[in-house]
Amino acid sequence: MKQIILMLFCCLFLAACINWDITGPAGPEGLPGPPGQKPPGADTSSIVGRVFTFNQFTVPIWPVDSVKITLHLSADSTLVTMADTAGYYRFKGISTGTYNLTFSRSGFGEMKVFGQTHISGGTLNTTVQEVSIVQLPIQTIADSAWFYTGAAGYFSVRYRLPPAPIIQTSRNYEVYFSHHANVSPTNYEYSTEFIYYMPTGLLGTYFTPGDSIYARVYTLTKYFYTPIVGWANNIRPGITYVDPATGSVVYPFRSSQSALAAGVFVNN
């Protein structure tokens with residue numbers, strides 16, 4: 001009996017002396033667990049909106065696709081999503097704050113929304129204003145422009161938009177005035193639109209009778225065009241934005257080329 005007990009003791013002693021810290025090969029990976037869930041009462045509010053696309057003549061393009069919407073969370077942090085085929089988009093779970101958004105698509109002008117306030121909480125959503133982006137103009141470019149002073153006390157700019165005949169219009173262009181032919185959107189003395197018949201007194205602040213006057217004319221695709229007569233009708237809003245740095249209205253879809261009118265200022 002003593003021998004048996006001695007043998008068991010020796011076996012236990014030897015087992016205790018053996019290094020059992022040996023790692024074998026890893027077993028197969030288990031199935032992934034379910035996705036995590038926000039706890040009850042967590043913020044699930046969203047920023048939502050809709051974007052529309054138009055061709056260079058402001059004719060709607062359907063379906064709306066490939067429009068990228070960027071939500072600027074901070075100077076170096078953004079979220080990006082894509083509009084669906086109807087133009088709808090959504091940013092989920094956005095905290096309370098004030099945000100800027102950018103809308104872009106290859107071959108189109110870029111639209112922006114500044115200072116969009118969002119208050120989070122539960123399922124409350126913030127709806128952004130409707131936004132439209134337009135193909136960069138190619139054919140909607142004036143090939144000639146000139147001054148017209150038909151009515152006493154009024155002054156206007158007319159232009160030709162091929163392939164239409166000579167037309168006159170009051171709302172489809174943006175014009176920059178200067179004493180010099182190198183007038184441009186960044187080098188001008190007076191700028192305006194809606195000048196079918198503009199009182200000459202508006203220019204009288206900058207020009208005196210007999211002065212050389214130049215006008216750089218850019219067409220805008222913010223209205224529907226009728227090629228024959230150049231008539232215009234309003235389209236939906238959301239095609240301009242105010243630059244907070246300058247307070248100026250920005251038309252992202254202004255033609256990239258322009259026509260130059262030249263003459264002598266007459267304050268009739």
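1. Before anything else, one term: two strands count as paired if DSSP finds at least two bridges between them. Keep that in mind for the sheet in the next points. And remember that what you are looking at is a predicted model.

2. Now try it on a real pair. Strand 2 and strand 3 run antiparallel and are joined by six bridges. If you want one bridge to find by eye, go to Ile 69: its bridge partner in strand 3 is Thr 81.

3. Zoom out a little and you'll see that this pair belongs to an open sheet of four strands, in the order 3-2-5-6, with antiparallel pairing. Which strands stand at the edges? They are strand 3 (77-82) and strand 6, and each has a single partner strand, so one side of each has no neighbour in the sheet. From one strand to the next, the twist averages 25°.

4. Next, have a look at the largest nonpolar core, which has 25 residues. Ile 69 turns up again here: along with Phe 91, Leu 101, Phe 103 and Ile 133, it is among those with the most contacts inside this core. Strands 1 (46-54), 2 (68-74), 4 (88-92), 5 (97-104), 6 (111-118) and 8 (131-134) each give two or more residues to it. Strand 1 makes the largest contribution, with four residues.

5. Phe 103 is a good place to park your viewer for a minute. Leaving aside residues up to four places away in sequence, Phe 103 touches Val 51, Lys 68, Ile 69, Tyr 89, Gly 109, Glu 110, Met 111, Val 113, Val 131 and Ile 133. There is also a second, separate core of 20 residues, and Val 175, Met 198, Phe 207 and Ala 261 are included in it.

6. Is Thr 192 buried or exposed? This residue lies in strand 13 (residues 190-192). Its relative accessible area is 17%, and the cut-off for buried is under 20%, so Thr 192 counts as buried. Its contacts, again not counting residues up to four places away in sequence, are Glu 174, Val 175, Phe 177 and Met 198. Two of those names, Val 175 and Met 198, you have just met in the second core.

7. Last stop: the largest pocket, with about 350 Å³ of space. How many residues line it? The lining has 14, and those closest to the pocket's centre are Glu 174, Tyr 176, Ser 191, Ser 248 and Val 249. Strand 12 (173-178), strand 13 and strand 19 (249-250) supply at least two lining residues each.

Notes: Residues numbered from 1 in each chain as written. Predicted model: local features only at pLDDT ≥ 70, side-chain atom pairs only at ≥ 80, totals over all residues. Heavy atoms only, no water. Core = buried A, V, L, I, M, F, W, Y, C linked by side-chain atoms within 4.5 Å. Buried < 20%, exposed > 50% of the residue type's maximum accessible area, 1.4 Å probe, protein only. Contact = heavy atoms within 4.5 Å. Axes fitted to C-alpha atoms, helices over the stretch in contact; angles between N-to-C directions. 1 Å grid on protein atoms, 1.4 Å probe; cavity = no way out; pocket = protein on both sides within 12 Å on 5 of 7 lines; lining within 4 Å. Points joined across faces, edges and corners; volume = space filled by probe spheres on them.
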